[in-house]
Structures are given as C-alpha cells and as structure tokens.
Amino acid sequence: MNAEQARSLLRTMWRIRAFEERVGRLKRSDEVHGLIHLSTGGEGVAAAVCGQLRDGDVVYSGHRAHGHVIAKGAPLPETMAELMGRAGGLCRGMGGSMHLVDVAHGMLGATGVVGGTVPAALGSALAARMRRESTEGEDTVSVVFFGDGAVQAGTFAESVNIAALWRLPVVLVCENNGFAEFTPRSAHTPVERVSDLVAPWGITAATVDGNDAVAVWEEFARLLAGVRAGDGPALLEALTHRLRGHYEGDPDRYRDAIATEEWQQRDPVLRLERTGIAHGWFDTDEAKAVREAAHAEVEDAVTWARESPWPTPELAASLVYGS
Amino acid sequence: MRTTYAKAVGRALGEAMRADERVLVIGEDVSAGGPFTITSGLVEEFGADRVRDTPISEAAITGIAIGAAQSGLRPVLEIMYIDFLTLALDQLVNMAAKARFMSGGQLSVPMVLRTQGGAGQRAGAQHSQSLESWLCHVPGLKVVMPSRAVDAAGLLAAAIADPDPVVVVENKTLYFRAEEVPDVVAPAPIGRAAVLRPGRDATVVALSRMVHEALTAADELARDGIEVEVIDPRTLVPLDLDTIADSVARTNHLVVAHEAVGTGGFGAEVAAAVGHAAFDDLDAPVERVAAPFRPIPVSPGLEDAHLPGAAEVRAAVLTVLNRSVR
C-alpha cells in the first residue's frame with residue numbers, strides 16, 4: 001500500500017462512515033424509509049475491495065449495501081436521494097435502501113433476500129469469461145458481497161460449485177460479523193470459518209481481519225490478481241463487527257454492546273488513521289481534513305436530496321416493462 | 001413442412017443462436033437434448049460454451065441467467081419441469097421480474113425461461129402440474145403458453161428478442177404431435193391471441209393442451225349445429241383482452257378451459273376481465289373448465305379422470321347455451 005492508496009482508502013471509509021451515521025439520524029426523523037441496514041463497522045471491507053476495482057468490474061451486494069455502492073463510486077447526493085425515495089435518486093426512488101443499483105459504476109444489484117445475488121454475480125462473470133475467448137486483454141471480474149448468514153442459504157452452495165466448475169472470474173466476499181440478523185453464528189452453523197467451506201472445490205480462500213483495512217486491501221489484491229489472470233474464483237472472508245443493530249430500530253437486546261474503549265481499538269476507520277500516520281502515509285491534519293470533508297459532503301448530499309422531487313405514479317407505471 | 005412441436009422449438013433455438021452470438025442455452029442435460037430431445041443437436045453446432053449443461057441447481061442457474069442477461073448475453077434457460085420452478089422462484093420473482101422497476105430503468109433482464117408443464121404421462125403430482133397462474137401474478141414477467149408448433153417457435157423467437165424476462169410454458173404432451181409448420185416461422189407477436197376457429201354461438205378461450213381439446217369439442221358441437229369460436233390467447237401476460245371481448249360481443253357466451261386447477265387459475269382472470277369489459281354482452285355466466293382442486297394422481301385411471309378434455313369443454317358450452325337468458 002502506498003500513500004496515495006491509503007489516502008483514497010481513508011477518504012472512502014470516512015465518506016461511508018459519515019453517510020451511514022447521517023442515515024441513522026435521518027431514519028429516526030423519518031426522512032429515509034423502510035428497512036435500513038447500516039454498514040457502520042464494515043467500511044474497511046467495502047473500501048479496500050471496491051477501491052481496487054474498475055468501473056467495468058461488476059459488484060452485487062445484499063441488504064447491507066450502502067458502503068459497497070459508495071465505495072464503487074456512486075455519487076452521495078443520488079445515493080442519499082434514493083434512500084429518501086426521491087426521483088433524483090440512483091434508481092429514481094424506485095429501489096430504496098435494499099435495492100441500490102448504479103450501472104454507470106458497475107454496481108448491478110442488491111437484494112433484500114439473503115443470498116439472492118450470489119448467482120447473478122456468477123452470471124455476470126460467465127458473460128465476462130465468454131468475452132475473454134474473443135477479446136484480447138479482457139479480464140473483467142465480478143464481486144459479490146454477502147454476510148455470513150447467506151452462507152447457510154442454498155444459493156451459496158450451488159454457486160460455489162458452479163463458480164469452481166466453470167472457473168468463473170468471480171470473488172465471493174463474505175462479511176462475517178458473527179450475527180445472522182438477531183442470532184449468533186453459533187446457533188446457525190457448527191462451521192466457524194466460512195473460508196474453510198470451499199476447499200473441496202479448489203477455490204482459493206482467505207480469512208482476514210475486516211477491521212484492518214490495509215490487511216483487507218492486501219489480501220484482496222492477492223486474490224484479485226489470480227481471478228483476473230483466469231485462475232478461477234476466490235473467496236475472501238472478512239471478520240467484521242456490525243456496530244449497529246441488524247436494522248435501524250432493532251433494539252439489539254440479543255448481544256452485549258461493545259465497550260467504547262474496545263471499539264476505539266478495533267474501529268477500522270480510526271485504525272487506518274493510526275496506521276497511516278505511523279507509516280507517514282498522511283499526517284493528523286490530513287486525516288482530520290479527510291474526515292471533515294466527508295461530513296461536509298454528506299451534508300451537501302442531504303441538502304441536495306431533500307430538494308429532489310418525489311417520483312410520480314406515471315414513472316412507476318412506465319418501469320414495469322421495457323416493451 | 002411436417003414437423004413436431006419439439007423439433008420446432010429446437011429449430012427456433014438454433015436459428016436464434018445462429019443469428020445472434022449473445023444467445024446461449026443453459027440448463028440441465030441440454031447438451032444431451034434433455035428428456036424431450038428439444039435441444040438435441042445444438043451442442044454439435046454451437047459448442048459446450050453456448051449449450052451449457054448445469055448441475056441440478058435451479059436457483060443458481062436461474063440467477064446465473066439473470067446476471068448473464070444483465071451483462072450483455074441473451075440466455076435461454078431451461079427449467080426441465082415447471083414443478084422445479086418452485087426452486088427458482090426467488091430468482092425469477094424477486095430478481096428478474098423487478099430489476100427494471102427497482103433500478104429505475106437502469107437494468108433489464110432479457111432472458112427467456114423455457115419450461116414445460118401438464119399431465120398425462122403418469123408422472124405424478126410433482127412432474128405434471130400447470131402452475132402458469134403463479135407466474136401471471138408477478139408484474140415484470142411476461143408469460144407465453146403456446147399450444148401449436150408454429151407458435152412454440154414463433155413465440156420463442158419473439159421472447160428471445162424481447163427486452164424483458166419471458167417465461168415460455170410448453171406442454172409435454174404436445175411435443176410429439178405432428179404438425180404442419182411453415183419453412184420460415186416469423187416471430188409471433190407477444191400479447192396477441194389467435195382465433196383458431198371462427199364461430200357465432202359461443203367463445204371458448206383455452207390454454208395449451210386444452211386448445212386442442214376445445215377444437216375437438218368444437219368439431220363435435222358443429223355436427224349439432226353449434227358453432228364455437230376457439231381462441232388461444234398464446235400470451236397470458238400481457239393478455240389480448242380485446243380479441244376475447246370482441247368475440248364475446250358476437251357470441252354472447254364464454255367458456256374458459258385450462259388443465260390447471262380452477263381455484264386461482266388463469267381462467268378466473270379471463271372470466272373477471274371479460275365480466276368487466278363485456279358484461280352487457282354476456283347472456284350467461286362464464287363457465288370454467290379446469291382440473292379438480294387436488295394433486296394430480298399417478299394411477300392411470302385416476303389421472304385420466306382428473307384431466308379435463310373435449311367432453312368437459314363440450315358440456316360447458318352446452319351449459320352456457322342452456323343458461324342463456326335470451
């Protein structure tokens with residue numbers, strides 16, 4: 001990791017953190033709608049993975065997708081407007097928090113049904129793989145983000161098998177936060193490490209501390225290089241902590257809150273600040289400027305989104321079919 | 001040329017693949033032709049990349065078709081039996097059908113899902129169902145259900161060219177009927193019904209296999225001087241209600257006939273739509289011909305008794321005519 005990459009990583013992570021915290025407050029004032037699943041605590045995974053992808057690389061995600069969408073390049077005003085259900089949103093107000101799409105930046109879909117987008121990422125990878133046969137230099141990859149809860153869904157097992165069988169250029173990125181909705185992983189499965197599951201298929205897999213954005217960056221870089229080179233699929237398991245409840249409004253009574261001091265140590269954003277300053281990638285003032293710029297950008301996004309009009313029934317009626 | 005429904009579908013697939021290299025066939029056993037020989041011969045011409053065998057993973061292969069369609073390919077996915085579509089419904093209903101809508105028009109899913117339903121082969125309640133009405137309840141899907149070889153080919157060609165996800169529901173008992181089909185089959189427009197027999201006394205709207213049963217019943221009734229108009233909607237969503245309502249305006253009597261159970265069946269939708277659009281034209285309540293509300297039995301005598309046929313259509317026509325208020 002060099003200084004430029006580190007600054008970019010920190011900037012993306014602060015933009016996600018500021019965005020998510022602001023969305024949490026907007027949910028309490030009923031300005032963003034529906035089921036809101038914040039990715040606070042997972043910023044390092046989104047930023048380190050998407051920060052190494054091109055616009056043409058495809059990303060799919062699940063219900064906790066805000067960070068992935070922002071990290072892939074979606075503009076904050078349009079993303080915020082989408083959460084507010086406005087016509088100026090990424091999806092013209094038709095998708096909302098759980099169904100964010102930004103085709104211009106390769107963010108092709110998110111779903112509210114756990115595990116549902118894993119096969120779609122394979123389909124996109126299949127299209128890329130077929131283009132490889134005919135196009136010199138074609139090395140597009142697909143990435144799909146999912147939580148550890150999705151690993152117990154049938155689509156995961158089916159997809160792992162097919163991705164390996166067809167040697168698809170896809171990276172499966174599991175954000176393992178130890179909780180599937182309200183229930184700890186131990187109540188869902190006796191398997192501790194998701195990365196242990198794929199060995200029989202010959203899929204390259206690694207587990208990394210998701211709170212360490214630099215470690216995620218480096219591990220993903222290694223896996224991505226293999227997938228781009230045509231070595232077949234890879235799986236990255238990032239161990240993270242979901243700072244908020246499953247969704248905003250979740251009383252979160254099924255687990256003990258993390259102690260403030262412990263979180264100060266683990267928080268991926270603060271941790272990258274400490275690491276970056278220690279390495280001389282940026283100094284304290286630069287880190288502070290990045291943080292303040294992110295918060296200002298989010299405030300501007302809120303202002304922009306609040307002024308965006310509501311979608312019309314005519315728009316909704318026009319979007320069911322293409323012909 | 002004289003051919004079969006099965007061969008007409010296979011030929012349409014080959015023509016689409018020849019015309020557009022983005023078209024690929026995905027499904028279980030497709031390179032071997034599948035249990036009904038539909039895709040036989042394709043792998044020899046187009047190779048295993050474009051005639052792609054899959055594991056028995058209906059959910060994943062449906063999702064793969066969706067992702068491939070969103071990334072520039074034109075997949076034709078085969079789900080071997082409509083009964084197995086149960087395994088893929090999250091993908092079809094929550095992903096494919098809603099992608100355009102929920103992305104604000106950024107995404108489209110130009111995929112075709114071919115499957116087949118219908119009883120009559122003693123295959124039992126898990127390999128014989130007619131589940132098309134489930135699909136018709138989902139905005140974003142188009143549903144076609146061809147009864148004749150020419151439409152099986154023509155609607156498939158139109159479905160492959162369509163920008164939306166189209167489910168083609170074929171029928172296993174029709175695959176090996178010998179039929180006359182033009183050498184060059186034009187795409188059949190999605191959303192347009194076919195009037196297969198003109199008549200002045202009653203309209204029968206029939207789906208899939210029941211179209212042929214309705215035509216048989218119409219022949220029999222004609223011997224008694226009763227002229228039945230037989231309409232094959234061909235497309236269930238979007239439904240060509242105009243053609244049906246125009247017919248009812250002339251015949252004043254309507255029978256709807258399908259092999260699915262009546263409860264929640266597509267016939268209920270047709271009856272309600274006609275009841276609204278053409279209430280003043282109807283001289284009698286709409287009669288529905290459908291299977292009884294129970295799983296399909298496997299024992300030959302029970303299955304034969306379960307399935308509606310020409311006799312039930314004939315009886316229903318006589319019922320609407322006898323109940324006529326005029």
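Let's start at B:Pro238, which sits in the loop between strand S12 (235–237) and helix H9 (241–251) of chain B. The peptide bond that leads into this proline, from B:Val237 to B:Pro238, is cis, with omega near -5°. Keep in mind as you look around that this is a predicted model.

Strand S12 is a good handle for finding the sheet. Chain B has an open sheet of seven strands, in the order S3-S2-S4-S5-S7-S6-S12, with mixed pairing. Its edge strands are strand S3 (51–53) and S12 of chain B, each of which pairs on one side only. Go from strand to neighbouring strand and you find an average turn of 20°, direction ignored.

Now pick out two neighbours in that sheet. Strand S4 (residues 74–79) and strand S5 (residues 112–117) of chain B pair in the parallel sense over four bridges. To see the match-up for yourself, look for B:Ile79, which stands opposite B:Thr115 in S5(B). Something else packs on this sheet too: helix H7 (residues 149–161) of chain B. Helix H7 touches strand S2 (23–27), S4, S5, strand S6 (142–144) and strand S7 (166–171) of chain B. The direction of H7 makes about 165° with that of S7(B).

Part of this region carries a label from a record. The UniProt annotation, from an unreviewed entry, reads "domain: Transketolase-like pyrimidine-binding" and covers residues 3–177 of chain B. Over residues 3–177, chain B is 36% helix and 18% strand. The end C-alpha atoms of that stretch are 8 Å apart.

Let's zoom out to chain B as a whole. Chain B has twelve helices and 14 strands. How does the radius of gyration of chain B fit with that of a compact globule? For 326 residues, a compact globule would have a radius of gyration near 20 Å, and chain B has 20 Å, so the two agree. Along the principal axes, the C-alpha atoms of chain B fill a box of roughly 60 × 45 × 40 Å. Of the 326 residues, 59% count as buried. The contacts say something about the fold as well: among those in chain B between residues at least 6 apart in sequence, 80% join residues at least 24 apart.

One residue of chain B deserves a stop of its own. B:Ser208 has a positive phi of about 50° although it is not a glycine. You'll find B:Ser208 in the loop between strand S10 (202–206) and helix H8 (209–223) of chain B. Is B:Ser208 buried or exposed? There are 28 C-beta neighbours inside 10 Å, and the cut-off for buried is 20 or more, so B:Ser208 counts as buried.

Chain A has a residue with a similar story to tell. A:Arg92 is not a glycine either, yet its phi is near 60°, a positive value. A:Arg92 is found in the loop between helix H4 (76–83) and S2 of chain A. With 25 other C-beta atoms within 10 Å, A:Arg92 is buried.

A:His99 is also found in the loop between H4 and S2 of chain A. Because 24 other C-beta atoms lie within 10 Å, A:His99 counts as buried. A:His99 and A:Thr111 are twelve residues apart along the chain, and their C-alpha atoms are separated by 5.5 Å. Not counting residues up to four places away in sequence, A:His99 touches A:Cys91, A:Ala110, A:Thr111, A:Gly112 and B:Met102.

That contact with B:Met102 takes us across to chain B. How many residues of chain A are in contact with chain B? There are 34 of them, in contact with 35 residues of chain B. On the side of chain A that touches chain B, strand S2 (107–110), helix H5 (118–134) and helix H6 (154–165) each supply at least two residues. H5(A) gives the most, with ten residues. By class, this side of chain A has 19 nonpolar, 13 polar and two charged residues.

Our last stop is A:Ile36, in the loop between helix H1 (3–28) and helix H2 (43–50) of chain A. A:Ile36 is buried, with 23 other C-beta atoms within 10 Å. Leaving aside neighbours within four places in sequence, A:Ile36 is in contact with A:Val23, A:Lys27, A:Ser97, A:Tyr247 and A:Glu248.

How values were computed: Residues numbered from 1 in each chain as written. Chains lettered and ligands numbered in written order. Predicted model: local features only at pLDDT ≥ 70, side-chain atom pairs only at ≥ 80, totals over all residues. UniProt positions renumbered as here; feature names shortened; annotations may be inferred. Contact = placed C-beta atoms within 7 Å. Nonpolar A, V, L, I, M, F, W, Y, C, P; charged D, E, K, R; others polar. Buried ≥ 20, exposed ≤ 12 C-beta atoms within 10 Å, placed from the backbone. Pairing = 2+ DSSP bridges. Axes fitted to C-alpha atoms, helices over the stretch in contact; angles between N-to-C directions. Rg over C-alpha atoms; globule rule 2.2 N^0.38 Å.
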